[in-house]
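Work through the exercises below with the structure open beside you. Try each task before you read its solution.

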Amino acid sequence: MENGISIYPGLDNTLEENLQLIETAARYGIHRLFTSLHIPETDTTALKREFGLLLQAAHRHDMEIISDVSPAMLPLLGLKEFNPTALRMLGITTLRLDDGFSWQEIAELTRRYPELRIQLNASTTTRSVLQHLREANADFSRIEALHNFYPRRGTGISEEALVHANIRLHHFGIRVSAFVPSQEGRRRSPLRDGLPTLEDHRDVSTDFSARHLVALGCDAVFLADALPAEQEIAALASLRNDGVTLKARLLTKNTAEQQLLQHSFTARLDEARDAIRAQESRTFLKESGNRILPDHTCKRPVGAITIDNENYGRYMGELQIIRQAQPEDPRTNVAAQLMPEDLQLMPYITPGRKFSFQFPEQTDII
């Protein structure tokens with residue numbers, strides 16, 4: 001996934017902290033950097049002094065530089081007027097256009113400056129604007145979208161609003177990103193209250209928030225706060241975009257079951273009432289040549305991850321996530337249990353949707 005970090009030169013972090021953030025992100029394979037240069041609280045003297053050094057550090061790691069574009073930022077960069085070529089020469093590779101640009105201007109930018117990527121505001125771009133861009137022959141291969149973040153508590157958008165925006169943008173072939181806050185490094189002035197896109201994420205772990213955004217159809221995730229903990233960067237780096245990723249506690253010591261649990265699965269189209277059924281699990285088991293012996297055949301609470309054993313005949317290897325609690329069955333092993341927080345992600349595993357598991361407490365499993 002093309003996930004990213006955020007840096008705000010001239011604000012709260014020191015130059016050394018920002019440079020270290022770039023180094024840490026690059027070490028985890030994160031190669032996108034978002035910055036905003038028109039925050040009122042910015043120390044413009046420090047920004048002018050540090051911005052070039054930060055861009056140089058980012059370019060050493062082949063990072064894409066995404067910057068908000070507005071008339072207010074131009075003097076800070078030594079520009080008298082909006083000049084895409086000059087911005088590209090400064091090292092900015094993606095322009096995030098917000099207020100002040102018409103659809104005609106956006107369409108022209110995509111055609112005249114192929115070396116630049118254009119990023120729309122995913123939270124405010126309407127279907128009408130997208131339709132106008134299509135009619136104006138905008139190059140949609142150069143366009144993506146990024147939702148806003150919201151510093152003031154209570155102003156983040158709802159899940160419903162985000163999903164509707166994502167569907168609208170995906171209809172036009174536009175990839176969509178959104179922000180998650182840090183719970184460890186909330187230093188950005190003036191409020192220091194986190195920078196989420198979704199209000200629901202303001203006080204939720206970065207790891208869960210990021211996986212939730214992917215479950216909601218986001219194609220990439222940015223850490224909005226500029227001094228996250230290393231484990232938060234690591235969580236972003238481990239994101240998968242092939243469906244819903246669920247964290248679980250491993251209960252089985254059976255090698256065949258552990259191997260099976262490492263696969264990515266598809267929820268069956270004929271949706272069961274009481275469980276999410278994996279479409280491919282029996283085939284995966286057959287291809288491995290393994291057998292599932294009876295083990296840990298206990299009660300199956302909501303969120304239990306079960307695998308049918310050899311006593312179930314041709315159903316051996318059937319993997320399910322339990323939706324409705326079920327009694328013990330000697331034919332079915334309980335191999336793992338979803339983490340309590342991750343029960344919230346089960347509804348997003350709709351028929352035909354991919355899903356997979358992570359087992360954070362058992363990093364050495366096969």
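The exercises go from the whole chain to the sheet and then to single strands; the model is predicted.

**Exercise 1. Describe the whole protein chain: its elements, its extent and its burial.**

Step 1. Take the elements. The protein chain has 10 helices and 15 strands.

Step 2. Take the extent. Along the principal axes, the C-alpha atoms fill a box of roughly 75 × 45 × 40 Å.

Step 3. Apply the cut-off for burial: a residue is buried if its relative accessible area is under 20%. Of the 366 residues, 55% are buried.

Step 4. Turn to the outside. The protein chain exposes about 16,100 Å², and carbon and sulfur atoms supply 49% of this area.

Step 5. Look at sequence separation. Take the contacts with a separation of 6 or more; 77% of them come from residues 24 or more positions apart.

**Exercise 2. Find the order of the strands in the open sheet, and explain what sets β1 and β8 apart.**

Step 1. Trace the order. Eight strands follow one another as β1-β2-β3-β4-β5-β6-β7-β8, with parallel pairing.

Step 2. Go to the edges. β1 (5-7) and β8 (220-223) each have a single partner strand, so one side of each has no neighbour in the sheet.

Step 3. Check the twist. On average, neighbouring strands of this sheet are turned by 30° against each other, direction ignored.

Step 4. Add a helix. Helix α7 (residues 206-215) lies across β7 (176-180) and β8, and runs at about 160° to β7.

**Exercise 3. Follow the pairing from β2 to β5, and name residues that stand opposite each other.**

Step 1. Start at β2 (residues 32-35). Four bridges join β2 to β3 (residues 64-69), and the two run parallel. Here Phe34 stands opposite Ile66 in β3.

Step 2. Move on to β4. β3 and β4 also pair in the parallel sense, over four bridges. Ser67 stands opposite Leu95 in β4.

Step 3. Cross to β5 (residues 117-121). Four bridges join β4 to β5, again running parallel. Leu95 stands opposite Ile118 in β5.

**Exercise 4. Which residues of β4 (residues 94-97) lie on each side, and are they buried or exposed?**

Step 1. Sort by side. Thr94 and Arg96 are on one side; Leu95 and Leu97 are on the other.

Step 2. Check burial. Thr94, Arg96, Leu95 and Leu97 are all buried.

Step 3. Conclude. Both faces of β4 are covered.

**Exercise 5. Compare the places of the positive and negative charges.**

Step 1. Count them. The protein chain has 41 positive and 49 negative charges.

Step 2. Compare the mean positions. They are 3 Å apart.

Technical notes:
Residues numbered from 1 in each chain as written. Predicted model: local features only at pLDDT ≥ 70, side-chain atom pairs only at ≥ 80, totals over all residues. Heavy atoms only, no water. Pairing = 2+ DSSP bridges. Axes fitted to C-alpha atoms, helices over the stretch in contact; angles between N-to-C directions. Contact = heavy atoms within 4.5 Å. Buried < 20%, exposed > 50% of the residue type's maximum accessible area, 1.4 Å probe, protein only. Areas by Shrake-Rupley, 256 points an atom, 1.4 Å probe, with all protein chains shown as cover. Lys, Arg positive; Asp, Glu negative; His and termini not counted. Charge placed at Lys NZ, Arg CZ, Asp CG, Glu CD.
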